[in-house]
Each structure stands twice: as structure tokens, then as C-alpha cells.
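Please open the model in your viewer and keep the sequence panel beside it. The stops below are meant to be selected one after another, each with a note on what is there.

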Amino acid sequence: MFFLASCSKAFLASAVGILMDDFASQRNQTSLPHGLSTFDWDTKVKDLLPGEWGLADKWAHEQANIRDVLSHVSGMLRYYTI
């Protein structure tokens, strides 16, 4: 097992950025979900993962984009109390 700790978050954000660049420069030919024409930091997660994404807060469910999710401001509940 590798000890990546919080470095995995940076790897994920970098990988998503590279994937976005590949879509923008048309190096990636994978089709996006129906009705989605762009893939960037402002792409809504509900549009990118139709039928798979869901949050209890309706507004957060509808408005969360890639930037929000990767910067931890999507409104997901913590599973512990302070």
C-alpha cells in the first residue's frame, strides 16, 4: 500500500484538469453524457453523472460543479461531530 495521504487530492485535481484539457483540444473522443457539450471547472456534477449524483440539499445537488466538489464546498455532510 502506498502512503499518499492528502497528496491523492492533488493527483485527482491534476488528472481532472488534464482530462478537461484533452476534451478542450479534442484529444479525448469519449462522448459526454447526453445534453452536455462542454467539460470544464463549471460543469455541473449532476449533468456529468446523471442518475449517479445526489445530495440531500436540493440546491447543492443542482448547483454543485467540479470546482465546488474538488474544493470541498459541495455541502456534503461530515460523518462525525466536533
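Begin by selecting N65, which lies in the loop between α3 (58–63) and α4 (66–70); helices here are DSSP runs of H or I with at least four residues, strands are runs of E with at least two, and both are numbered from the N terminus. N65 has a relative accessibility of 9% and therefore counts as buried, where buried means under 20% relative accessible area, exposed means over 50% and partly exposed is in between, with a 1.4 Å probe and protein chains only. If residues up to four places away in sequence are set aside, N65 touches W41, D42, T43, K44 and V45, contact being defined as heavy atoms within 4.5 Å.

Before going further, note that this is a predicted model, in which local features need pLDDT of at least 70 and side-chain atom pairs count only at pLDDT 80 or more, while totals for chains, interfaces and linings use all residues. Residues are numbered from 1 along each chain as its sequence is written, and side-chain values use heavy atoms, with hydrogens and water left out.

Next, select T43, one of the residues that N65 touches, and find it in the loop between α1 (7–24) and α2 (45–48). Is T43 buried or exposed? T43 counts as buried, because its relative accessibility is 4%. Its contacts, again without residues up to four places away in sequence, are L36, T38, L48, A64, N65 and I66. Show the side chain of T43 as sticks, and a polar atom of it can be seen 3.5 Å from the backbone oxygen of T38; a polar contact is a pair of N or O atoms within 3.5 Å, and within protein one must be able to donate a hydrogen and the other to accept it, with residues adjacent in sequence counted only if both atoms are side-chain atoms.

From T43, move to A64, which, leaving aside its neighbours within four places in sequence, is in contact with T43, K44, V45 and W53. Then select Q63, placed in helix α3, which is partly exposed because its relative accessible area is 31%. Q63 touches K44 and D68, not counting residues up to four places away in sequence. A distance drawn between the C-alpha atoms of Q63 and D42, which are 21 residues apart along the chain, should read 9.6 Å.

Now colour the largest nonpolar core, whose 10 residues are V16, M20, F23, F39, V45, W53, L55, A60, A64 and I66. Helix α1 gives the most to this core, with three residues. A nonpolar core is a set of buried Ala, Val, Leu, Ile, Met, Phe, Trp, Tyr and Cys residues joined through side-chain atoms within 4.5 Å. In soluble globular proteins, nonpolar side chains tend to be buried together.

Within that core, keep F23 and F39 selected, both of them buried. Which aromatic residues pair here, and in what geometry? The structure holds one aromatic pair, and it is formed by F23 and F39, edge-to-face, at 5.6 Å centre to centre and with 80° between the planes. The pair links distant parts of the chain, since F23 belongs to helix α1 and F39 to the loop between α1 and α2, 16 residues apart. Rings of Phe, Tyr and Trp (its six-membered ring) pair if their centres lie within 6.5 Å, and planes under 30 degrees apart count as stacked, over 60 as edge-to-face and the rest as tilted.

Stay with F23 and add N28, found in the loop between α1 and α2, which is in contact with L19, D22 and F23 when neighbours within four places in sequence are left aside. The side chain of N28 reaches the backbone nitrogen of T30 at 2.8 Å. In this loop also select Q26, which has a positive phi of about 60° although it is not a glycine. Q26 counts as exposed because its relative accessibility is 63%.

Finally, zoom out to the whole chain, which has four helices and zero strands. Of its 82 residues, 20% count as buried. Colouring by pLDDT, the predictor's confidence in each residue from 0 to 100, shows a chain average of 84, with 85% of the residues scoring at least 70; among the elements, α2 has the highest mean (93) and α3 the lowest (87).
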